[in-house]
Amino acid sequence: ENTLTEGDRVIGSRLSYKFHEPERGDIIMFKFPDDESRDFIKRIIGLPGETVQIIGADIYINGEILEEHYGKDPITDPGVAREKITLGENEFFVLGDNRNNSEDSRSGNIGPVKRSNIIGKAWFHLSGGEDGWGFVK
C-alpha cells in the first residue's frame, strides 16, 4: 500500500529539526526548489556527504546496497541517480515511496534537497481511506 495517497492530510512538526538533524527514513515536507508555492512530502534516503547511486532496482549509499522496505515497487527508472551523486554538506537525497510514480531527487528539476528547503518532519496523517488516520511510518 502507499504510505500516503492523494487527498491525505499530513500533520508535521516544524520543531523536530530544531533539536536534531533529519535522519535516513524520515518523511519530510519541503519546498520545491524553484517554486516556493509548491510543497513536497518524500522520504530521506541519502544524507549530507554520502554518495547515492541507483543500479537496476537497488539503491547504493557509499557503494553499499541500502536495505530498506519503504518502496512500493522496485525502481524502474533511476533518473539522474543512474550516475553517482555526491551530496553536499547540507543536501539530502529523497524518494517517494511510490517509486515509479514519484517526482523526487531522481528528477532533474528537483535533485538533492537543501536543508534550508526542509519545512519539517511528517508525523501524523489523516487518510481518506478505510483506516481514517495513522502515524506516518
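## D77 and its surroundings

D77 is found in the loop between β6 and β7, and in this predicted model the residue counts as partly exposed, because its relative accessibility of 43% falls between the limits of 20% for buried and 50% for exposed. When residues up to four places away in sequence are not counted, D77 touches R82, N100 and R106. A polar atom of the side chain of D77 also lies 2.9 Å from the backbone nitrogen of G79.

Sequence distance and distance in space can be set side by side for D77 and G56, which are 21 residues apart in sequence and 8.1 Å apart in space, counted from C-alpha to C-alpha.

## The sheet around the loop

The strands β6 and β7, which flank the loop of D77, both belong to an open sheet of four strands, whose order is β6-β5-β4-β7 and whose pairing is antiparallel. The edge strands of this sheet are β6 and β7, each of which pairs on one side only. Strands of a sheet pair through backbone hydrogen bonds, and the pairing may be either parallel or antiparallel.

Strand β4, made up of residues 51-55, is joined to β7 by two bridges, and these two strands run antiparallel. Here V52 stands opposite I85 in β7.

The loop between β5 (58-61) and β6 holds N62, a residue with a positive phi of about 50° although it is not a glycine. N62 is partly exposed, because its relative accessible area is 47%, a value that lies between the limits of 20% and 50%.

## E91 in strand β8

E91 is found in strand β8, which covers residues 91-95. Is E91 buried or exposed? With a relative accessible area of 18%, E91 is buried, because the cut-off for this class is under 20%.

The side chain of E91 takes part in two kinds of polar approach, one to a backbone atom and one to another side chain. A polar atom of the E91 side chain lies 2.7 Å from the backbone nitrogen of G88, while a polar contact of 3.5 Å joins the side chains of E91 and K114. K114 appears again among the residues in contact with E91 once its neighbours within four places in sequence are left aside, a list that also holds G46, L47, P48, T86, P112 and V113.

## Salt bridges across the chain

How many salt bridges does a search of the whole structure find? The search finds eight, and three of them are described here, beginning with the one between E21 and R115, in which the closest N and O atoms are 3.0 Å apart. This pair links distant parts of the chain, since E21 sits in the loop between α1 (16-19) and β2 (27-32), R115 sits in the loop between β9 (113-114) and β10 (118-126), and the two are 94 residues apart. The partners fall into separate accessibility classes, for E21 is partly exposed at 48%, whereas R115 counts as buried at 19%.

In a further salt bridge, R43 meets D97, with the closest N and O atoms 2.7 Å apart. R43 belongs to strand β3 (residues 35-46) and D97 to the loop between β8 and β9, so that distant parts of the chain, 54 residues apart, are linked. Both R43 and D97 are buried. The side chains of E68 and R99 also meet in a salt bridge, with 3.1 Å from N to O. Because E68 lies in the loop between β6 (64-65) and β7 (85-86) and R99 in the loop between β8 and β9, this pair ties together parts that are 31 residues apart in sequence. E68 counts as buried at 19% relative accessibility, and R99 counts as buried at 3%.

## An aromatic pair

A pair of aromatic rings is described by the distance of the centres and the angle of the planes. The count for this structure comes to one aromatic pair, which is formed by F30 and F40 and is stacked, with 5.6 Å from centre to centre and 20° between the planes. Why does the pair tie together parts that are 10 residues apart in sequence? The reason is that F30 lies in strand β2 and F40 in strand β3. F30 counts as buried at 0% relative accessibility, and F40 counts as buried at 9%.

Notes
Residues are numbered from 1 along each chain as its sequence is written. This is a predicted model: local features need pLDDT of at least 70, side-chain atom pairs count only at pLDDT 80 or more; totals for chains, interfaces and linings use all residues. Side-chain values use heavy atoms; hydrogens and water are left out. Buried means under 20% relative accessible area, exposed over 50%, partly exposed in between (1.4 Å probe, protein chains only). A polar contact is a pair of N or O atoms within 3.5 Å; within protein, one must be able to donate a hydrogen and the other to accept it, and residues adjacent in sequence count only if both atoms are side-chain atoms. Contact means heavy atoms within 4.5 Å. A salt bridge is a side-chain nitrogen of Lys or Arg within 4 Å of a carboxyl oxygen of Asp or Glu. Rings of Phe, Tyr and Trp (its six-membered ring) pair if their centres lie within 6.5 Å; planes under 30 degrees apart count as stacked, over 60 as edge-to-face and the rest as tilted. Two strands pair if DSSP finds at least two bridges between them.
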